[in-house]
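Visitor: Please show me the model and then take me through it, beginning with how its parts are arranged.

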Amino acid sequence: MKISIIGAGNVGATLAKMVIESDTADVVLLDVVKNVALGKALDLSHAAPLVGQTKRILGTDNYKDTAGSHIAVITAGFPRQPGMSRADLIKKNGGIVRDVVNNIKSSSPDAIIIVVTNPLDVMTYIAYKESSFERNRVMGMAGVLDSSRFTYLIAKKLNVEYKEIETIILGQHGPLMVPVISHTKVSGRPINEVLSSEEIDLLIRDVMESGGEIVNLLGKGSAYYAPSASCFTMIKNIINDEKNLLSACVYAEGDYGLSGLCIGLPVRLGKKGCVEVAKLRLDKDELDSLKKAAESIKELLSGL
Ligand code: A3D
């Protein structure tokens, strides 16, 4: 297996470390800033004798080195700068994602693409359209991260193990995310039998503020350990054909009454990519929230 990671920044390099240290696949780490990719790949290679990994990592700025990748992860892009509008960020990162996707398309025409670059729902849509790949081969990472943050917060609040929590967050990666409370359980019990609605609302608020909290604490850059782990979870599901129920941003084709956009939906990932959009029975207010999130994403897409 060969995984190319485009963008050797915080998320890209951390993900590369997870993939090779676990001996999951060979990695090509590509960045426009060639020396950064080369330096990080060399540093990770020097750890091989200590960690015992047998897979190889190559740093490059040349897409020829990525040829024949099974999975291509796009982490290339820039965060929003002070004074920069969302539309400005879409323009800047949209241009990068288009360029990256066209390179992936010619070097690895059979690859499965996982997008991480923000704003996630819009960048995944751009990647889907630009690639002309089937929808099962283009997806965005956000829901696994948001769901993991919710799991962490519920487990902490109730002092239970993470494995006791079952939850999923759909919708937009942002303030219009949709935590599916009707499918959130603690040790098999519906969460609203364990926590009051006020307590649940506070936890949801905390999930929504998690990313911003980390940005404020770091002072420079944004979260990358949990985003990388989330991406790695998606990769493992694909490589090992695990097909666990996860949330990922995919192109909607009538699923949940939505179409013409990429949005966080419940999916199963396997060797062929997104092998199923799962049909969960959602409450009316959850469906309404999903529609609201879709409207907001479509508004952003209309500016493309
Ligand atoms: P950062 O550490 O700045 O790394 C970005 C890297 O992309 C840098 O090394 C750049 O040189 C490189 N780059 C820029 N343009 C290109 C290009 N055209 N080709 C190849 N490489 C290029 O950022 P990061 O790693 O922290 O985050 C990367 C992206 O992921 C940003 O857009 C973040 O907002 C986004 N992100 C999303 C999530 C989600 O949950 C969706 C979480 C964390 C980060």
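Visitor: How many Å apart do the C-alpha centres of domain 1 and domain 2 lie?

Guide: This is a predicted model, in which local features need pLDDT of at least 70 and side-chain atom pairs count only at pLDDT 80 or more, while totals for chains, interfaces and linings use all residues. Residues are numbered from 1 along each chain as its sequence is written, and side-chain values use heavy atoms, with hydrogens and water left out. The domain assignment of the chain gives domain 1 (2-140) and domain 2 (143-301), the bounds coming from an automatic or database domain assignment. Between the C-alpha centres of these two domains the separation is 22 Å.

Visitor: What area do domain 1 and domain 2 bury between them?

Guide: The size of an interface is often given as the accessible area lost when the parts come together. Here buried area is the accessible area (1.4 Å probe) that two parts lose on being put together, summed over both. Of the area buried between domain 1 and domain 2, 73% is on carbon and sulfur atoms, and the total is about 2,700 Å².

Visitor: Which residue forms a salt bridge with Arg 135?

Guide: A salt bridge requires a side-chain nitrogen of Lys or Arg within 4 Å of a carboxyl oxygen of Asp or Glu, and the count between domain 1 and domain 2 is two. For Arg 135 the closest N and O atoms are 2.8 Å apart, and the partner is Asp 255.

Visitor: Which helix gives the most to the largest nonpolar core?

Guide: A nonpolar core is a set of buried Ala, Val, Leu, Ile, Met, Phe, Trp, Tyr and Cys residues joined through side-chain atoms within 4.5 Å, where buried means under 20% relative accessible area, exposed over 50% and partly exposed in between (1.4 Å probe, protein chains only). The largest such core has 81 residues, of which Val 73, Ile 114 and Ile 263 touch the most other members. With helices (H or I, at least four residues) and strands (E, at least two) taken as DSSP runs numbered from the N terminus, the helix that gives the most to this core, with seven residues, is α5 (residues 120-131).

Visitor: From which domains does this core draw at least three residues each?

Guide: One of the core's best-connected members, Ile 263, is in contact (heavy atoms within 4.5 Å) with residues including Asp 121, Gly 171 and Leu 290, leaving aside neighbours within four places in sequence. The core as a whole draws at least three residues from each of domain 1 and domain 2.

Visitor: Is Arg 137 buried or exposed?

Guide: Arg 137 lies in the loop between α5 and β6, and among the residues that Arg 137 touches, not counting those up to four places away in sequence, are Pro 109, Asp 110 and Lys 272. Because its relative accessible area is 12%, Arg 137 is buried.

Visitor: Is Ser 132 buried or exposed?

Guide: Ser 132 is placed in the loop between α5 and β6, and its phi is near 60°, a positive value in a residue other than glycine. Because its relative accessible area is 57%, Ser 132 is exposed.

Visitor: Which residue does a cis peptide bond join to Asn 118?

Guide: The residue in question lies in the loop between β5 and α5. The cis peptide bond has an omega of about -10°, and the residue joined to Asn 118 is Pro 119.
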